[in-house]
Amino acid sequence: MSKNIIQHDYQVSREDRKSKNNHNSFLIWFTGLSGSGKSTIANLVEQQLFEKGIKTYTLDGDNIRKGINNDLTFSPEDRTENIRRIAEISNLMIDAGLVVLAAFVSPYKKDRENVKNIVKNSNFVEVFINTSVEECERRDVKGLYKKARAGEIKNMTGISAPYEAPEQPDIEIKTEEVSVKEAVNKIINHITPKLKLDNE
């Protein structure tokens, strides 16, 4: 970091914003294969939170890669940089007093650990959307697996690139065993205590 960069302290703090919103701010990180159901579940969790008056924002692969990260490829190095930038954006949003929902394949354990380090462990909830590659390929919502099998997509996670599953996620959702509604309820039940301010 340049020695000429000096952080400025502003009068309105994260604590002030949390108090104004009447809820805590943190990051819910959804990881899993493409087509596992991350974005679908994150969207429904956000809807429920929004209806409860919680200030939220959802980040996902498409809205990030079309904008701030449109200069990145899917090489391992660029995947790492993609996740690093998302973590920094999430950190700013947490400071703004929001509950951030981030739905990303994020296939590497070290990258997810880096997210946790950036936002701090106390602000991080890891949700593993555990869906087999066979089921994801059967769904193939975006047609990506078909293209990967045809050699049109390189570095496709689960096909030609690895996915390192979380060993101890805060929440694990096995989508082939539970309904979307059950999955959403499980996540809401887990994070509800975390929404409460420390002084409540």
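1. On helix α5 of this predicted model, the exposed residues Lys110 and Asn117 are carried on the face that is turned away from the buried side of the helix. The buried residues of α5, which spans residues 109–119, are Asp111, Arg112, Val115, Ile118 and Val119. These buried residues cover an arc of only 115° around the axis, which means that they lie on the same side of α5. It helps to recall that an α-helix has 3.6 residues a turn, so residues three or four places apart point the same way.

2. As for what lies against that side of the helix, the buried residues of α5 pack against β1, against α4 (76–95) and against β4 (124–130). After α5 comes Lys120, and the phi of Lys120 is positive, near 80°.

3. Strand β3 deserves a separate look, because five of the five residues in this strand (residues 99–103) are buried, so the strand is largely enclosed by the rest of the structure. Val99, Leu101 and Ala103 point one way from β3, while Val100 and Ala102 point the other way, and all of them are buried.

4. Which strands are joined to β3 by bridges? Strand β1 (residues 27–31) runs parallel to β3 and is joined to it by four bridges, and Ile28 stands opposite Leu101 in β3. Strand β2 (residues 56–60) also runs parallel to β3, with five bridges joining the two, and the bridge partner of Thr56 in β3 is Val99.

5. The structure holds two aromatic pairs. Trp29 and Phe104 form a stacked pair, with 5.5 Å from centre to centre and 25° between the planes. This pair links distant parts of the chain, since Trp29 belongs to strand β1 and Phe104 to the loop between β3 and α5, 75 residues apart. Both Trp29 and Phe104 are buried.

6. Phe128 and Tyr163 form an aromatic pair that is likewise stacked, at 6.1 Å centre to centre and with 25° between the planes. Here too the pair links distant parts of the chain, with Phe128 in strand β4 and Tyr163 in the loop between α7 (144–149) and β5 (171–174), 35 residues apart. Phe128 is buried, and Tyr163 is buried as well.

7. Finally, two rings have a charged side chain over them, and a student may wish to find both in the model. Arg65 lies over the face of Phe74, at 3.9 Å from the ring centre, and the charged end of Lys194 sits over the ring of Phe26, 5.6 Å from the centre of that ring.

Terms used
Residues are numbered from 1 along each chain as its sequence is written. This is a predicted model: local features need pLDDT of at least 70, side-chain atom pairs count only at pLDDT 80 or more; totals for chains, interfaces and linings use all residues. Side-chain values use heavy atoms; hydrogens and water are left out. Buried means under 20% relative accessible area, exposed over 50%, partly exposed in between (1.4 Å probe, protein chains only). Two strands pair if DSSP finds at least two bridges between them. The arc is that of the directions from the helix axis to the C-beta atoms. Contact means heavy atoms within 4.5 Å. Rings of Phe, Tyr and Trp (its six-membered ring) pair if their centres lie within 6.5 Å; planes under 30 degrees apart count as stacked, over 60 as edge-to-face and the rest as tilted. A charge sits over a ring if NZ of Lys or CZ of Arg is within 6 Å of the ring centre and within 35 degrees of the ring normal.
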